[in-house]
Amino acid sequence: MSVAGVTGWTPRSDPGRSSTDAGTAPDGTPALSLKCLAEGATASWRRRLRLPEGKYVIEARVRSEGLKARVDAQGTGVGLRITGRKRTNSLESSSDWTVLSEPFEATAGREYEFQVEMRADAGTVWIDQGSLRLRRARE
């Protein structure tokens, strides 16, 4: 099973409702952050990749403080997903470092956009930059 770190994430936020930053978490871990500035906030870090056919898992270690998750059709609170799909993982309240993962099956030659996203009414989330990775799932 191969594992690859995923870098080159780009931020997307809802001006006035959320913000993003690349810096450090409170414990000094290099991290990407998502911060809720107003109720109904949505923010994400995204990365597009073209993959060979196969089964994969995208994963990241996340931490949150003061998180008040918002329920949404795409997912609740914080999680990982592929754009256009509903996610199966979530972090819904304040938490120390927690690993989130999202399994998926890739079609040969297709490009996928991955998101680490927050849907919340309050709180801040940090994503450990060194933990963002893609691995082949066991067949």
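**Entry 1: a starting residue.** I began with arginine 135, which counts as partly exposed because its relative accessibility is 24%, a value between the 20% limit for buried and the 50% limit for exposed. I kept in mind that I was reading a predicted model.

**Entry 2: its partner.** I looked for an acidic partner and found that the side chain of arginine 135 meets that of glutamate 59 in a salt bridge, 3.3 Å from N to O. Arginine 135 sits in strand E10 and glutamate 59 in strand E6, so this pair ties together parts 76 residues apart in sequence.

**Entry 3: glutamate 59 again.** Is glutamate 59 buried or exposed? I found glutamate 59 buried, because its relative accessible area is 9% and buried means under 20%. Glutamate 59 also meets arginine 133 in a salt bridge, at 2.7 Å from N to O. That pair links distant parts of the chain too, with glutamate 59 in strand E6 and arginine 133 in strand E10 (residues 133–136), 74 residues apart. I noted arginine 133 as partly exposed, at 30% relative accessibility.

**Entry 4: other salt bridges.** I counted 13 salt bridges. One of them joins the side chains of arginine 17 and aspartate 14, at 3.8 Å from N to O. Here arginine 17 is partly exposed at 34% relative accessibility, and aspartate 14 is partly exposed at 28%.

**Entry 5: arginine 81.** I placed arginine 81 in strand E7. It counts as buried because its relative accessibility is 5%. Which side chain makes a polar contact with the side chain of arginine 81? I found glutamine 74 there, at 3.2 Å. A polar atom of the arginine 81 side chain also lies 2.9 Å from the backbone oxygen of arginine 85. Among the residues that arginine 81 touches farther along the sequence are Glu102, Glu113 and Phe114.

**Entry 6: the core.** I then turned to the largest nonpolar core, which has 31 residues. Those touching the most other members include Trp9, Leu51, Phe104 and Phe114. Strands E4, E5, E6, E7, E8 and E9 each supply at least two residues of this core, and E9 gives the most, with seven. I checked phenylalanine 104 by itself: its contacts beyond four places in sequence include Leu51, Tyr56, Ile82, Phe114 and Leu134.

**Entry 7: confidence.** I closed with the pLDDT values, whose mean for the protein is 93, with 97% of residues at 70 or more. Where is confidence lowest? I found the lowest mean, 73, in strand E1 (residues 3–5), and the highest, 98, in E4.

Notes. Residues numbered from 1 in each chain as written. Predicted model: local features only at pLDDT ≥ 70, side-chain atom pairs only at ≥ 80, totals over all residues. Heavy atoms only, no water. Core = buried A, V, L, I, M, F, W, Y, C linked by side-chain atoms within 4.5 Å. Buried < 20%, exposed > 50% of the residue type's maximum accessible area, 1.4 Å probe, protein only. Helix = DSSP H or I, 4+ residues; strand = E, 2+ residues; numbered from the N terminus. Contact = heavy atoms within 4.5 Å. pLDDT = per-residue confidence, 0-100. Polar contact = N/O pair within 3.5 Å; in protein donor to acceptor, adjacent residues only side chain to side chain. Salt bridge = Lys/Arg side-chain N within 4 Å of Asp/Glu carboxyl O.
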